Amino acid sequence: MNPISLTNSTINEISSWLALAREAEPLFGPMADDPDFRKGLLEAIQDGRAIAAKEEKTSDVLGGVIIDPEQNEILWLVVKQSARGRGIGQALLEAALERLDIRRPVRVQTYDESVPAGLPARALYTRFGFVDLEPAGLNPAGLPTVIMQKPAF
């Protein structure tokens, strides 16, 4: 297993991010061909709010996280299915929390506990101190979500 590096993403990696989005669409809903998603992704990359987890040897993007420091939120965290179980999600979450203000509550929208495919994400956030705050309705894929919050430190 090759070492992983975490870096601010560059515009050259946009196709890798869109590939991640396509893979995640069954759980997140349509993204890769959505002009608003593409615009938001481009802005996040340009603003330095998109962190990529890359295989050091090949520079393949294995996952990514997008944050909103103003709102103190994690907007999107995804790991390529073939790379799961390697600690990449944990590393991305750690990188996100390093860039957010942990003196304020940090929020993320994720799946509620009734979604089996969302249990690994919930477990990750829970390990980092996030707790369910409120229901957040159905996501674009039609799956029930909640807002989880990590209390201020």
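**Fold, burial and aromatic pairs**

Analyst: Read from the N terminus, the protein chain has the element order β-α-α-β-β-β-α-β-α-β-β. In total there are four helices and seven strands, where helices (H or I, at least four residues) and strands (E, at least two) are DSSP runs numbered from the N terminus. The model is predicted: local features require pLDDT of at least 70 and side-chain atom pairs pLDDT 80 or more, whereas totals for chains, interfaces and linings use all residues. Residues are numbered from 1 along each chain as its sequence is written, and side-chain values use heavy atoms, with hydrogens and water left out.

User: What makes the agreement between the radius of gyration of the protein chain and that of a compact globule?

Analyst: The rule for a globule is 2.2 Å times the number of residues to the power 0.38, with the radius taken over C-alpha atoms. For 153 residues the expected value is near 15 Å and the protein chain has 15 Å, so the two agree. The C-alpha trace spans about 40 × 35 × 30 Å along its principal axes.

User: In which order do the strands form the sheet, and is the sheet open or closed?

Analyst: The sheet is open, with seven strands in the order S1-S2-S3-S4-S5-S7-S6 and mixed pairing. Strand S1 (4-8) and strand S6 (131-138) are the edge strands, since each pairs on one side only. From one strand to the next, the twist averages 25°.

User: How do you know that strand S2 pairs with strand S3?

Analyst: Two strands pair if DSSP finds at least two bridges between them. Five bridges join S2 (residues 50-55) to S3 (residues 61-68), and the two run antiparallel. Ile51, for example, has Val65 in S3 as its bridge partner.

User: Which helices pack on the sheet?

Analyst: Helix H1 (residues 14-28) touches S2, S3, strand S4 (73-79) and strand S5 (106-111), contact meaning heavy atoms within 4.5 Å. The direction of H1 makes about 95° with that of S4; such angles run from 0 to 180 degrees between N-to-C directions, with axes fitted to C-alpha atoms, for helices over the stretch in contact. Helix H3 (residues 88-99) touches S1, S2, S3, S4, S5 and strand S7 (144-150), and its direction makes about 160° with that of S4.

User: Why is Ser59 called partly exposed?

Analyst: Buried means under 20% relative accessible area and exposed over 50%, with partly exposed in between (1.4 Å probe, protein chains only). Ser59 has 47% relative accessibility and therefore counts as partly exposed. Ser59 lies in the loop between S2 and S3, and its C-alpha atom is 8.6 Å from that of Ser5, 54 residues apart along the chain. Of the 153 residues of the protein chain, 42% count as buried.

User: What makes the aromatic pair of Phe37 and Trp76 edge-to-face?

Analyst: Rings of Phe, Tyr and Trp (its six-membered ring) pair if their centres lie within 6.5 Å; planes under 30 degrees apart are stacked, over 60 edge-to-face and the rest tilted. Phe37 and Trp76 are 5.5 Å centre to centre with 75° between the planes, hence edge-to-face. The pair links distant parts of the chain, Phe37 being in helix H2 (residues 35-46) and Trp76 in strand S4, 39 residues apart. Phe37 and Trp76 are both buried.

User: Why is the pair of Tyr125 and Phe130 called edge-to-face?

Analyst: The ring centres of Tyr125 and Phe130 are 5.4 Å apart and their planes stand at 65°, so the pair is edge-to-face. Tyr125 and Phe130 are both buried. The structure holds five aromatic pairs, and Trp17, Phe28, Phe37, Trp76 and Tyr111 form one aromatic cluster.
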